[in-house]
Each structure stands twice: as structure tokens, then as C-alpha cells.
Amino acid sequence: MTSRADSPAIDRTVLRPLGQRPIGRIPVQDVRPSVDGGARPTKSVVGETFDVTATVFREGHDAVNATVVLTDPDGSEQQVPMTLRSAGLDHWSAQVSADRTGTWHYRVEGWSDPYGTWHHDATIKVEAGVDVELMLEEGARVLERARDEVPRDAAQTTLLTDAVTALRDSSRPSGARLAAGTGEEVHSLLTAYPLRDMVSPGPELTWWVERPLALYGAWYEIFPRSEGATQDPDTGLWTSGTFATAAQRLPAIAGMGFDVVYLTPVHPIGRTNRKGRNNTLETDEHDPGSPYAIGAAEGGHDALHPELGDFDDFDAFVERARAEGLDVALDLALQAAPDHPWATSHQELFTTRADGSIAYAENPPKKYQDIYPLNFDNDPPGAYAEMRRVVQVWIDHGVTIFRVDNPHTKPVEFWQWLIADVAVDHPEVIWLAEAFTRPAMMHTLGKVGFQQSYTYYAWRNEAWELREYVTELAGESAAYMRPSFWPTTHDILTPYMQFGGPTAFTLRAALAATLVPTYGIYAGHEHCENVARPGAQEQIDNEKYELKDRRWDLDAPGADRSDEPAERRHRVDLAPYLTKLNRIRREHPSLHWLRNITFHACDDESFLAFSKRGGGADDGSASDTVIVIANLDPHALRESTVHLNMPALGLSWGDGFIAQDLITGEQWHWGEHVFVRLGIGTEPVHIVHVRRF
């Protein structure tokens, strides 16, 4: 039993006119994480450990203490003791984690600690010979309360009863009597199961706990129509790949260790204002168009492109993916081609201009004549219901993840409602926001429900930029926004990747895979596809506008490339490297988490060094430590001394350790200061497992 600090006789309604809320007998302030002051939930996945912190204090000199109370989805409570981290600032913290999915809650309770107060005062006074008998009797009474008012088992009850008896035994020396009440056994018991007075709860905060894939996973992006596509050597005409041919690629994707296969849109493609190769307005009848221009006579967002197959074929693809251990993510692009069925049946979904025409998409000076953006304000209930219906179609066909195209161009409150409504019956569904936009929008999309977000990683190439950016992502925002790092996408090919060669593709994949728990690879990364369309940061001959046959068969051991063009005869294959990265990720649980990163100093600013340690709950991962050291210059072999923060590695400053390179298998003896040589012509990155001697 604990005593609460409620005082019903005091009229606290006088606080309301002044905008005040009751502060509590023991003030509990600045509880974190608290997203938007508690208006949004904190998020984690099963087994993810994070710190709950608060400022807890009281008047005078009596001891104060604090507890985090976790409430699971069934309403059962668990108390987690907090530790005073800064006495001068009254800063308390505790590490918490959840063992299952669902909606949890947590609160911090501040309380007066009668045993702590007595322990402090009695130790001083009894040793000084002041009020000895009085202090020992007060201790006996505190321990009686602790025995009787807090649920105990028989052994605990006996321990406290014996201590009470010893405290009152005047035949024994006072020091021995005091020791009976302050000894390690009693102290440990009352730390774990304390007597709490004046319990003052802070705000009750909501905590969403999701499946591990919401935080940790490796994605692989494909255009299904390109997988198995063929070109007639005589006519130059293309035959589209299908779900059946795309399914043949799944074993290779799973074999590289990926967790998610992400499909760009698979719907019918509009013919009106169809874009040609490389986003031109000049097309011929054979141009396949952009899969993002959704909708034609064959159907809209709830239909499949007939060249890919029917729903039986799609279901077979999903079943094959699951058999390979892959979740299927589908691109959700809420926009329409001019010949989408919505353009006639749901004109209220669009913006009508003064001349009666439907407005097409524009981002001046860019124009997207093949796409109509949706308008959610003409008929919000109708628009919301129609989008919800479309999403359910794909959930019913086995899609468990939606990669949402440009969510920042739709109302935030729509996403908040949609994600929550889906979660009622399908809490396993994950949402990734492709929102390359201003930070406020990106963060808010995470707060209202998106589990993951694309990031600016592709444009963060300097060591200081990466340190600053990842520190931000692993900080307070980790409570609601989980980053996904992609070296390239079908929309992004940065100058770094265009001109950095295979070293850049190797390096950026390794950093994406280790800096954060979720990363993604766009098909073709294996071959270092780095030629950009002039004037654009995206690939030439882009898959958005044409089919592409990457001839994966030529990567097989012993494949005959002698009759192939030079670019295929000599192309790089990074598939083995990606396979190794994903194996390392799976074998090292410290890489499964976001908030456990520490950066280390390097003499050369072209180097980036960081480590990850532990981060899991009760899974032994606290003993797993990985160090990553990278030369960010893809054009040169460079040297640097790295200065390791040894306590961050779980070591003392003078310790040495065995550094096992997980890429090459080499081993070295390392200490605080490490000399490394990395770059072009050798490995650009060390991924090192820390092992004690």
C-alpha cells in the first residue's frame, strides 16, 4: 500500500481562472518523452529500450524518490524504479521497454521516501551518539510500515520482522542495531519494493508499441514491370514483366537478406498526356508511361495493370514473398491520371478551374500534365471513405506496408485519421512517408502515425553533416519519427553517387545499413547505376518512364558475358556486399536500434566513426558492440587516427580489445587510439565487432 498525496479538503478550483493545474504534493515536471505535451503518443517497438526522464523534487531535506509506472494493454501495472542522475538538477531517469505490441501508458510518480529519510538521518545521528534510541525506534516503525503496507512474500516479511526486532534489541550495541535496518538486504528490498508516501502522479502518457519491423528492416525496391521485361532485338519493342516473372526475383532478394520488397505502383496507367522516355512530352504508342500516373479505362487505385497480371497473380506473388520471409510494401500514390475513373465518377476529388477543366499537378516551374492531384476539401467524408476503401483492397490481398508517395501534399489530419482507422483492425500495417519537405511537416507526419520516414541522408555527405543529422534523429524525435536511409531511389541520384564510382555505392550502403535500423536499396544499386539525366539528380533512362532489363542472370557465377556490351561485361556486382551487410545486421542486435549511437573523434574530417552498443531488452544485446569507421572520400585512400570513447564501448580507458572486421574477417588489437587506412582500392569502411581479450 502506498499513501497518495490527494487532499480533497483543499479547494483547487481557485487555480482555474489563472490557467493553473494542481502541481502535486511532490512536484513531477518535464516528463520525457512527451510528444506535443502528451497530445501524441510516444512510439517504440517490442524490446526497444529508451529512457523516461523527469524532474522530481520536494521542499526541505526529506528524501524524495520517483518511479515510472507502465500500464500494459490489459491494464496491468508495473513499477520501474528511477535513478537520480543529477542531484543538483533533480533529474531522474529509468530505462523502460515493452514485451508486446499494443497501446501502453506510462507516468512518473514522485513520492516521499520515509525509509530513505530515516536511513540518511539515522546513519548520521547514531554514529554521532545523538537521539540514538529515538532514531532506532523511528526506524523500527518505518520498517513495520514497510512490512505491513506493501505486499510481501514470506521471506521478505521475515527479513523486515527480524530487522525490526534487532532495532529494538537494547541489549545489542547501537551500531549493530542500526546495521540491521540499513544493511544491504533490507536496503535492496526497499529499493525494489519501497514504502511510498505522498505519491504524486505526473501526466499519463500514451505509448504505442509496434512490431519490430516498424523500426528495424532492410528494404529492396523494384518496378515489377521491369522484372522479367524483355526487348525484341529486331524491333526494339518491349514486353512487360509480370507478377509471375517478378516473383522469380524474390529468392535473390531474400537471399541478400532483405526483409521487405517494395513495389512501385502496379495500377493501370493513364494514356492522356502520357510521359515518354526521360519525362518528355513526346511519346509513341509503345511508351509504357509513368506508373505514378494512375488510372485508365481498366481501372484505378483498386485495379491492377493488365500487363502485370490479375489478382490471382498478385496473390501468388505475395504468397511467394511470404514464403521467402519478405513483407510486401506497396506504393500508395494518391493522385490520378486524367483518364482515371475518378475523373468522371468522383469529380469532387479534384480541383476545378474557372474554365471548367480539372487542375493538373504543378510545382512551378515543373508541370505534371499526366497527373491530377486530389482535393480533400470539397467532400472530406467522401474522400476519406474512398481512400480508406482503396487501402483495404490491398490489405485484403496481403500488403502489410504502404510506402506513401508525397504525403506532405495531402492534409495531415487525413493521414492521422486513415492510419488510426486502419490500425483498429490491422495494427500490423506499417506506413513509410516519402516526404522530402520541411522539417515541421516531416516530424508531424511521424507524430500522427507514420512509423517511418524518408530522410535527407542522400544529401548528407560530410562527416559533420552526418554526425549532426543522426544525432538529431536519434534524440528526442526518435520517440515519434523513425528514419529510413536510402543511398539512391528512382527519384534521387546525387552528384556524390554520380561521380563517386563503386566506392561511393559501397560506402553509402554500409553507412545507411549501420547508422540507422531501417535502410533501403533501389534495384540496380548492385551495378552502380550512376548516369544521371542531364540537368537532373535522377537516373537517365529512368524506370519511371520505360522498362529496364538488368539481366540479373549475368551476375551468376560463371555467366558468359563475352557477347554483351562493354558496360555489362565489366559491370560491378555489389550483391555479395549487400548480402554481407544484411547478415551483419541480423547477427548484431546493437544495429537493430536507433537511440544507442555514439560518435567518436577522428583527426581527419573525411572520416566518420561511430559505435552502437546494446539497446535491447533482456536479450543479451547489451554485450554486443559494433564500431563503424568510414572514409567518406570516395576518390582517395586516406589515413586517420580515431580516438575511441572507451566507456561508450563498455570498456575502461586503459583497456584493449580484439577488433574483428566483419567485412574482411581480419582481427587487430585496438585500444583508445586507432590508426586506420581506408578508401579507394581497398575497403572504404571498417565494421568492427568489439571482443574482450
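**Exercise 1. Work out whether His443 is buried or exposed, and find what surrounds this residue.**

Step 1. His443 has a relative accessible area of 14%, so this residue counts as buried. The cut-offs are under 20% relative accessible area for buried and over 50% for exposed, with partly exposed in between (1.4 Å probe, protein chains only).

Step 2. Place the residue: His443 sits in helix H12, residues 439-447. Helices (H or I, at least four residues) and strands (E, at least two) are DSSP runs, numbered from the N terminus.

Step 3. List the contacts, meaning heavy atoms within 4.5 Å. Leaving aside neighbours within four places in sequence, His443 touches Glu472, Ser477, Tyr480 and Met481.

A word on the model before you go on. It is a predicted one, in which local features need pLDDT of at least 70 and side-chain atom pairs count only at pLDDT 80 or more, while totals for chains, interfaces and linings use all residues. Residues are numbered from 1 along each chain as its sequence is written, and side-chain values use heavy atoms, with hydrogens and water left out.

**Exercise 2. Check the length of helix H3 and decide which residues line one face.**

Step 1. H3 covers residues 154-167, and its 14 residues should span 20 Å at 1.5 Å a residue; the end C-alpha atoms are 20 Å apart, which agrees. The expected span is 1.5 Å times one less than the number of residues.

Step 2. Pick out the buried residues of H3: Gln156, Leu160, Ala163, Val164, Ala166 and Leu167. Looking down the axis of H3, they fall within an arc of 165 degrees, so they line one face of the helix. That arc is taken from the directions from the helix axis to the C-beta atoms.

Step 3. Now turn to the other side of H3, where Ala154, Ala155 and Thr165 are exposed.

Step 4. Ask what the buried residues of H3 pack against: helix H1 (114-128), helix H2 (132-149), helix H4 (174-182) and helix H5 (184-192).

Step 5. Look at the N-terminal end of H3, which Asp153 caps with a side-chain oxygen 3.2 Å from the backbone nitrogen of Ala155.

**Exercise 3. Describe the surroundings of strand S4 and name its partner strands.**

Step 1. S4 spans residues 64-71, and eight of its eight residues are buried.

Step 2. Sort them by side. In a regular strand the side chains alternate between the two faces of the sheet. One side of S4 holds Val64, Ala66, Val68 and Leu70, the other Asn65, Thr67, Val69 and Thr71, and both faces are covered.

Step 3. Find the partners; two strands pair if DSSP finds at least two bridges between them. S4 pairs in the antiparallel sense with S8 (residues 102-112) over eight bridges, and Thr71 has His105 as its bridge partner there. With S5 (residues 77-81), S4 pairs in the antiparallel sense over five bridges, and Val69 is matched with Gln79.

Step 4. Inspect the hairpin of S4 and S5: five residues lie between the strands, and Gly75 takes a positive phi near 95 degrees.

**Exercise 4. Locate Ala636 and state its exposure.**

Step 1. Ala636 belongs to the loop between strand S27 (625-631) and strand S28 (637-643).

Step 2. Its relative accessibility is 21%, so Ala636 counts as partly exposed.

Step 3. Gly679 is 43 residues away along the chain, yet its C-alpha atom is separated from that of Ala636 by 5.8 Å.

How values were computed:
A polar contact is a pair of N or O atoms within 3.5 Å; within protein, one must be able to donate a hydrogen and the other to accept it, and residues adjacent in sequence count only if both atoms are side-chain atoms.
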